[in-house]
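Here are a few exercises to work through with the model open. Try each one yourself before reading the solution.

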Amino acid sequence: MKKIAIPVDINSQLEDHFGHCDHYEIYSIFNNKIVSVETLIAEQGCGCKSNIASVLAEHGVTTMLAGGIGTGAINVLNKCNIEVVRGCSGNTMEIINNYLDGKVIDSGESCMHHEHEHSHGHQCSH
């Protein structure tokens, strides 16, 4: 059984920035088929400063399909043995089905296009 997480916004679309998501959809995969989906409410705040990586790991997640995500969050997820696939967008069911069909690959781009100051004073590049 493999578990894949997707950060989701309030409109049930992939959240463009990992640390700003409303919740995570966690897909349980067996024989390359979705067998269940659970929802995990996200703590608000920057993904690299939260404990979300360890919480996702406790839920058995080994892959994160993300849109925009900073290198700090990637490093934290990787330390919890969660692989990050960047550059996803759109409807979560389409994303997971495309991933299972081998049509989703990591974009290789982290969020570093412009500086953004979070309200708690932490600098993230995205």
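**Exercise 1: aromatic pairs**

This is a predicted model, and the count of aromatic pairs in it comes to one.

Task: work out whether the rings of Phe18 and Tyr24 are stacked, edge-to-face or tilted.

Solution. Start with the distance: the ring centres of Phe18 and Tyr24 are 5.9 Å apart, and the cut-off for a pair is 6.5 Å. Next, take the planes, which sit at 55 degrees. Stacked needs under 30 degrees and edge-to-face over 60, so the pair is tilted.

**Exercise 2: buried or exposed?**

Task: sort Phe18, Tyr24 and Val35 by burial.

Solution. Buried means under 20% relative accessible area, and exposed means over 50%. Phe18 has 2%, so Phe18 is buried. Tyr24 has 3%, so Tyr24 is buried too. Val35, in strand β3 (residues 33–41), has 49% and is therefore partly exposed. Val35 also joins Met1 and Phe30 in a nonpolar surface patch of about 340 Å².

**Exercise 3: the cores**

Task: find which residues touch the most other members of the largest nonpolar core, and which element gives the most to this core.

Solution. The core has 20 residues, and Phe18, Tyr24, Leu56, Met64, Ile69 and Leu77 touch the most other members. At least two residues each come from β2 (23–30), α1 (52–58), β4 (61–65) and α2 (71–79). Of the elements, α1 gives the most, with four residues. Now pick Leu77: leaving out residues up to four places away in sequence, Leu77 touches Phe18, Ala53, Leu56, Met64, Ile69, Ile82 and Val84. Finally, a separate second core of 14 residues includes Leu65, Val85, Ile95 and Leu100.

Conventions. Residues numbered from 1 in each chain as written. Predicted model: local features only at pLDDT ≥ 70, side-chain atom pairs only at ≥ 80, totals over all residues. Heavy atoms only, no water. Patch = residues over 30% accessible without salt bridge, like charges linked within 9 Å, V, L, I, M, F, W, Y side chains within 5 Å. Areas by Shrake-Rupley, 256 points an atom, 1.4 Å probe, with all protein chains shown as cover. Salt bridge = Lys/Arg side-chain N within 4 Å of Asp/Glu carboxyl O. Buried < 20%, exposed > 50% of the residue type's maximum accessible area, 1.4 Å probe, protein only. Core = buried A, V, L, I, M, F, W, Y, C linked by side-chain atoms within 4.5 Å. Contact = heavy atoms within 4.5 Å. Phe/Tyr/Trp six-rings, centres within 6.5 Å; stacked < 30°, edge-to-face > 60°.
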